Amino acid sequence: MISLLLSLPLVAVTPPAFVPFTPSSQGALGPLMVEPLDPLNAERIQVESFDPEARAQYLAGTMPRLWRGALSTKNAPRSVSAELNINRMVAIGQNLDIFGMLTLAGQAVPIQANINTKSDQMAMLLLGDKLPVGLEAGGEFQGLEMLKLSSWEGSRLTSAGAILELLPVLTSTSAPAVRGLW
């Protein structure tokens, strides 16, 4: 082994090339050198004025409690009627926690839904054992427009998809018109 090492030619190692450093001029601003922000220059400061926690509180008191629409599944040739009755709404931070009953094709199922009031994303779980119109336990409705439009995500890859479209039913809370006697 030693003879093998002695028979190898010696290679001269050259030092790495050296590039001299030249500092930039004082007036140029690089990516790490940023001019200081003047706190009194309000035009340059952008502040987000949207408060998702206040919106959650507002929606908990003003959101309609009755929603109607239709559920269209990929297996069924036509859509079935859908109605959502909200029993309880609680604002938790920027989320809105909803409890109620979803009636699909005449069969009522308890639900729990969470709505993120900053992004309007919704996740709705069906809590019943026997789910209507071919929906399977373990799945959920996911929506990007609160309760208006959501899609069914089943628990298995082979689960049939569905689309739930709901619109609020606005109830008139105004006083009846007053008729004069003469």
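This report describes the fold of a predicted protein model, its strand pairing and the surroundings of two tryptophans.

In this predicted model, local features need a pLDDT of at least 70 and side-chain atom pairs count only at pLDDT 80 or more, while totals for chains, interfaces and linings use all residues. Residues are numbered from 1 along each chain as its sequence is written, and side-chain values use heavy atoms, with hydrogens and water left out.

**Overall fold**

The protein contains two helices and eight strands. Helices (H or I, at least four residues) and strands (E, at least two) are DSSP runs, numbered from the N terminus. The order of elements from the N terminus is α-α-β-β-β-β-β-β-β-β. Of the 182 residues, 25% count as buried, where buried means under 20% relative accessible area, exposed over 50% and partly exposed in between (1.4 Å probe, protein chains only). About 13600 Å² of the protein is exposed, and carbon and sulfur atoms supply 59% of this area; accessible areas come from the Shrake-Rupley method with a 1.4 Å probe, and for residues only the protein chains shown count as cover. A contact means heavy atoms within 4.5 Å. Among contacts between residues at least 6 apart in sequence, 38% join residues at least 24 apart.

**The barrel**

The eight strands form a closed barrel in the order β1-β2-β3-β4-β5-β6-β7-β8, with antiparallel pairing. On average, neighbouring strands of this sheet are turned by 30° against each other, direction ignored. Axes are lines fitted to C-alpha atoms, for helices over the stretch in contact, and angles run from 0 to 180 degrees between N-to-C directions. Helix α2 (residues 52-62) lies across β2 (80-92) and β3 (95-104), and runs at about 125° to β2.

Strands of a sheet pair through backbone hydrogen bonds, either parallel or antiparallel. Two strands pair here if DSSP finds at least two bridges between them. Four of the antiparallel pairs are listed below.

| Strand pair | Bridges | Residues opposite each other |
|---|---|---|
| β2 and β3 | ten | Ile-86 and Gly-100 |
| β3 and β4 | ten | Asp-97 and Asn-114 |
| β5 and β6 | four | Met-122 and Gly-143 |
| β6 and β7 | four | Gln-142 and Ser-151 |

Strand β4 covers residues 107-116, and β5 covers residues 121-126. Three hairpins have a residue with positive phi. The hairpin of β2 and β3 has two residues between the strands, and Gly-93 there takes a positive phi near 65°. The hairpin of β3 and β4 also has two residues between its strands, with Ala-105 at a positive phi near 55°. Between β6 and β7 there are five residues, and Met-146 in that turn has a positive phi of about 60°.

**Strand β6 and the aromatic pair**

In a regular strand the side chains alternate between the two faces of the sheet. Strand β6 (residues 140-143) shows this alternation: Phe-141 and Gly-143 point to one face and are buried, whereas Glu-140 and Gln-142 point to the other and are not. Phe-141 counts as buried because its relative accessibility is 0%.

A search of the whole structure finds one aromatic pair. Phe-141 and Trp-152 form this pair, which is edge-to-face with 4.9 Å centre to centre and 65° between the planes. Rings of Phe, Tyr and Trp (its six-membered ring) pair if their centres lie within 6.5 Å; planes under 30 degrees apart count as stacked, over 60 as edge-to-face and the rest as tilted. The pair links distant parts of the chain, with Phe-141 in β6 and Trp-152 in β7, eleven residues apart. Trp-152 has a relative accessible area of 5% and is therefore buried.

**Surroundings of Trp-67**

Trp-67 lies in strand β1 (residues 66-73). Its relative accessibility is 4%, so Trp-67 counts as buried. Leaving out residues up to four places away in sequence, Trp-67 touches Ala-82, Glu-83, Leu-84, Ile-86, Leu-147, Lys-148, Leu-166, Leu-167, Pro-168 and Val-169. Of these, Ile-86 is the bridge partner of Gly-100 in β3. The C-alpha atoms of Trp-67 and Lys-148 are separated by 8.8 Å, and the two residues are 81 residues apart along the chain. The side chain of Trp-67 also reaches the backbone oxygen of Pro-64 at 3.0 Å.

Note on methods
A polar contact is a pair of N or O atoms within 3.5 Å; within protein, one must be able to donate a hydrogen and the other to accept it, and residues adjacent in sequence count only if both atoms are side-chain atoms.
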